[in-house]
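This briefing goes through one structure residue by residue and topic by topic. Please keep the sequence and the model at hand while reading.

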Amino acid sequence: MLHSNLPEPDILKTVLEPLLEDFQYWFTRSRALLENQEIPFLGNEKQANLLERVLQAHQEVNTVRTLLNVTEGQVGVETPMLMTWHQLVAECWQVSMRLRSEKSA
C-alpha cells in the first residue's frame, strides 16, 4: 500500500521498481523461450521479430532501472511506454500458452 506522506521520488520508486522488476522477469523468460524453442505457428521471421522486440524492450527496462537508481527516484516512465511493454508481455504469454497447448495436444 502506498503512503501518501512519502516524498514524490519515494512514491515513484515504490510503484515503479516492482513493476520494472516484473517486466524484466517476463522479458527474460520470453527471451529464453524465443531463443531456445522452435515455434512452428509463428514461423522464423515472426519469431525473430518478436525476439527483437523483446530484446529492445528488455534493454529499455534495464535503462530505466539504472536511471531510476542513479537519480534516486527522479526519473519516471511515460504511460504509453509502460503500455507498450505490457502489450508485448501479453503477446509473449499468448505465444507461450499456444505453444504449450499445441505440444500437449
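Ser30 lies in helix α1. The model is a predicted one, and in it Ser30 is buried, with a relative accessible area of 8%. The points below start from this residue and move on to the pocket it lines, the aromatic pairs, the loops and some separations along the chain.

**Ser30 and its surroundings**

- The side chain of Ser30 comes to 2.8 Å from the backbone oxygen of Trp26.
- Once residues up to four places away in sequence are set aside, Ser30 touches Val54 and Cys92.
- Ser30 counts as buried because its relative accessible area of 8% falls under the 20% cut-off.
- Trp26, whose backbone oxygen the Ser30 side chain reaches, is itself partly exposed at 28% relative accessible area.

**The largest pocket**

- The volume of the largest pocket is about 240 Å³.
- Ser30 is one of its lining residues, and so is its contact Cys92.
- From helix α1 (8-36) and helix α3 (79-104) come at least two lining residues each.
- The biggest share of the lining belongs to α3, which gives six residues.
- Sorted by class, the lining consists of six nonpolar, two polar and two charged residues.
- Trp26, Arg29, Leu33, Trp93, Ser96, Met97, Leu99 and Arg100 are also among the residues that line the pocket.
- Arg29 is found in helix α1 and is partly exposed, with a relative accessibility of 47%.

**Aromatic pairs**

- Four aromatic pairs are present in the structure.
- One of them joins Phe23 and Phe27, which are stacked with 6.0 Å centre to centre and 15° between the planes.
- Both Phe23 and Phe27 belong to helix α1, where they are four residues apart, about one turn of the helix.
- Both rings belong to buried residues: the relative accessibility is 7% for Phe23 and 0% for Phe27.
- Tyr25 and Trp26 make an edge-to-face pair, 4.9 Å centre to centre with 80° between the planes.
- Tyr25 is partly exposed at 43% relative accessibility, and Trp26 is partly exposed at 28%.
- The Tyr25 and Trp26 pair is edge-to-face because the angle of 80° between its planes is over the limit of 60 degrees.
- Phe23, Phe27 and Trp85 together form one aromatic cluster.

**Gln47 in helix α2**

- Which backbone oxygen lies 2.8 Å from a polar atom of the Gln47 side chain? The oxygen is that of Leu34.
- Gln47 lies in helix α2 and is buried, with a relative accessible area of 7%.
- Leaving out neighbours within four places in sequence, Gln47 is in contact with Leu34, Gln37, Glu38, Ile39 and Leu42.
- Leu34 thus appears twice for Gln47, in the list of contacts and as the owner of the backbone oxygen.

**Loop residues**

- Pro40 is found in the loop between α1 and α2 (43-70).
- Pro40 is exposed, with 58% relative accessible area.
- Glu72 lies in the loop between α2 and α3.
- Is Glu72 buried or exposed? Glu72 counts as exposed, at 61% relative accessibility.
- The phi of Glu72 is positive, about 55°, although Glu72 is not a glycine.
- For comparison, most residues other than glycine have a negative phi.

**Separations in sequence and in space**

- Asp10 and Gln74 are 64 residues apart in sequence, and their C-alpha atoms are 9.0 Å apart in space.
- Asp10 is found in helix α1 and is partly exposed, with a relative accessible area of 34%.
- Pro40 and Val15 are 25 residues apart along the chain, and 38 Å separates their C-alpha atoms.
- Arg29 and Val75 are 46 residues apart along the chain, with their C-alpha atoms separated by 26 Å.

Technical notes. Residues are numbered from 1 along each chain as its sequence is written. This is a predicted model: local features need pLDDT of at least 70, side-chain atom pairs count only at pLDDT 80 or more; totals for chains, interfaces and linings use all residues. Side-chain values use heavy atoms; hydrogens and water are left out. On a 1 Å grid over the protein atoms alone, a cavity is a set of points where a 1.4 Å probe fits but cannot get out, and a pocket is an open set with protein on both sides within 12 Å along at least five of seven lines; lining residues have an atom within 4 Å of a point. Grid points are joined across faces, edges and corners, and a volume is the space filled by probe spheres set on the points. Ala, Val, Leu, Ile, Met, Phe, Trp, Tyr, Cys and Pro count as nonpolar, Asp, Glu, Lys and Arg as charged, and the others, Gly among them, as polar. Buried means under 20% relative accessible area, exposed over 50%, partly exposed in between (1.4 Å probe, protein chains only). Rings of Phe, Tyr and Trp (its six-membered ring) pair if their centres lie within 6.5 Å; planes under 30 degrees apart count as stacked, over 60 as edge-to-face and the rest as tilted. A polar contact is a pair of N or O atoms within 3.5 Å; within protein, one must be able to donate a hydrogen and the other to accept it, and residues adjacent in sequence count only if both atoms are side-chain atoms. Contact means heavy atoms within 4.5 Å.
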